[in-house]
Amino acid sequence: MVCHKCKTNPVMKLTNNNISLCKTCYIKYFEQKIKNTISKYKLVDKGDHLGVACSGGKDSTVVLYMINKIFGHRPDIKITALAIDEGIKGYRSLYLQELKQFCKENKINLKIFSFKDEFGLSLDEILKKNKVKPCSACGVLRRYLLNKKSQELGFTKLVTGHNLDDEAQSVLMNQFRNNPNVSARMGPFIGIIRDKKFIPRIKPLYLVTEKEVKAYSLLKGFVKATEECPYSTDSYRGDIRDMLNEFEWKYPGTKHSIILSFLEILPNLKIKYKDGPRLSYCEKCGEPSSSKSCNTCKAIEELGLKRKI
Ligand code: SF4
Ligand code: ZN
């Protein structure tokens with residue numbers, strides 16, 4: 001087997017079209033795919049301040065690298081990396097250490113905010129005091145901080161590292177749970193509701209698979225840490241991921257098919273659910289919420305936290 005383009009040794013076989021590529025051709029192919037996604041879905045505009053949500057893992061590091069590579073030289077576009085330190089001993093700190101080094105080498109402005117500083121306790125401490133599902137507490141608090149800090153830092157868009165696998169899993173989860181209204185709020189550019197308190201989210205890795213991101217990250221020498229979060233448990237998403245991986249292995253191209261057919265019906269879903277959920281604002285913190293008290297305020301009360309902001 002040889003590289004489809006230059007006939008040298010291949011390093012990667014693409015599953016959607018069975019083509020093999022060498023290191024140089026693969027890197028070119030991958031980067032071009034990201035550029036095409038950004039221009040096709042008009043993800044970035046002149047004058048944008050792009051906040052990149054970073055965990056220090058491979059997906060967000062790859063998207064940060066690509067955003068900086070494509071727009072870093074543009075005087076009209078500002079880029080800031082934003083990371084949340086939940087306070088998970090022996091895990092997040094390792095990734096954040098690598099992220100700090102990466103941002104230093106690539107001259108990218110990095111802002112890190114922690115649960116401990118913002119809510120008074122780290123996730124480890126919260127879980128010692130409360131019997132709750134770790135990912136639910138972690139997710140609510142992290143989403144809140146990402147949105148709040150994006151507003152404070154003046155981001156016009158928040159860039160995330162979601163890839164094609166993540167999106168295909170979400171599409172299936174919404175199908176299986178009969179949640180078409182949630183699917184209507186997905187896609188490479190997120191948000192039906194236009195509100196200055198909702199920072200739009202963009203996903204430049206939308207059309208590349210997890211395997212492709214992993215290969216690119218490996219070839220570029222990004223992210224050495226391999227630790228998994230000690231609180232991660234087998235979840236509904238995990239079951240969907242395993243099922244999809246099995247299907248992809250048996251029937252290559254399955255994940256692409258899910259996303260391509262989803263993108264075809266997405267404009268109709270957006271029209272059908274264009275009014276979105278009835279939105280008001282939380283009486284305590286003023287953030288958007290569908291009830292009197294938002295999920296973050298409820299969590300803060302239940303978990304015995306104090307909010308700094
Ligand atoms: Fe938080 Fe769960 Fe992710 Fe761990 S696996 S970082 S607890 S959401
Ligand atoms: Zn609130």
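Biologist: Where is Ser122 found?
Modeller: In this predicted model, Ser122 sits in the loop between helix 4 (115-119) and helix 5 (123-129).

Biologist: What makes Ser122 count as buried or exposed?
Modeller: Its relative accessible area is 11%. Buried means under 20%, so Ser122 is buried.

Biologist: Which residues does Ser122 touch, not counting residues up to four places away in sequence?
Modeller: Ser122 touches Glu86, Gly87, Phe115 and Lys116.

Biologist: How many disulfides does the structure hold?
Modeller: Zero.

Biologist: Why is there no bond between the sulfur of Cys3 and the closest cysteine sulfur?
Modeller: The closest cysteine sulfur is in Cys25, 3.8 Å from that of Cys3. A disulfide needs the two sulfur atoms within 2.5 Å, so the pair is too far apart for a bond.

Biologist: How do you know that Cys54 is in no disulfide?
Modeller: The nearest cysteine sulfur to that of Cys54 belongs to Cys103 and is 6.0 Å away. The cut-off is 2.5 Å, so Cys54 is in no disulfide.

Biologist: Are Cys3 and Cys54 buried or exposed?
Modeller: Cys3 has a relative accessible area of 0% and Cys54 has 6%. Under 20% means buried, so Cys3 is buried, and Cys54 counts as buried.

Biologist: Now the helices. Why is helix 6 called oblique to helix 12?
Modeller: The axes of helix 6 (residues 134-152) and helix 12 (residues 295-303) come within 9 Å and cross at roughly 130°. Roughly perpendicular covers 65 to 115 degrees and roughly antiparallel starts over 145. The angle falls in neither range, so helix 6 is oblique to helix 12. The crossing is left-handed.

Biologist: Which residues make that contact, and how do they divide into nonpolar, polar and charged?
Modeller: Helix 6 contributes Ala137, Val140, Leu141 and Tyr144, and helix 12 contributes Asn295, Thr296, Ala299, Ile300 and Leu303. Seven are nonpolar, two are polar and none is charged.

Biologist: What makes helix 10 roughly perpendicular to helix 11?
Modeller: The axes of helix 10 (residues 236-250) and helix 11 (residues 254-272) cross at roughly 110° and come within 8 Å. Angles of 65 to 115 degrees count as roughly perpendicular, so helix 10 is roughly perpendicular to helix 11.

Biologist: Which residues of helix 10 and helix 11 make the contact?
Modeller: Leu244, Asn245, Phe247 and Glu248 of helix 10 meet Thr254, Lys255 and Ile258 of helix 11. Three of the contact residues are nonpolar, two are polar and two are charged.

How values were computed:
Residues are numbered from 1 along each chain as its sequence is written. Chains are lettered from A and ligands numbered from 1 in the order in which they are written. This is a predicted model: local features need pLDDT of at least 70, side-chain atom pairs count only at pLDDT 80 or more; totals for chains, interfaces and linings use all residues. Side-chain values use heavy atoms; hydrogens and water are left out. Buried means under 20% relative accessible area, exposed over 50%, partly exposed in between (1.4 Å probe, protein chains only). Axes are lines fitted to C-alpha atoms, for helices over the stretch in contact, and angles run from 0 to 180 degrees between N-to-C directions. Helices (H or I, at least four residues) and strands (E, at least two) are DSSP runs, numbered from the N terminus. Angles under 35 degrees count as roughly parallel, over 145 as roughly antiparallel, 65 to 115 as roughly perpendicular and the rest as oblique. A crossing is left-handed if the near helix is turned anticlockwise from the far one by less than a right angle, and right-handed if clockwise. Contact means heavy atoms within 4.5 Å. Ala, Val, Leu, Ile, Met, Phe, Trp, Tyr, Cys and Pro count as nonpolar, Asp, Glu, Lys and Arg as charged, and the others, Gly among them, as polar.
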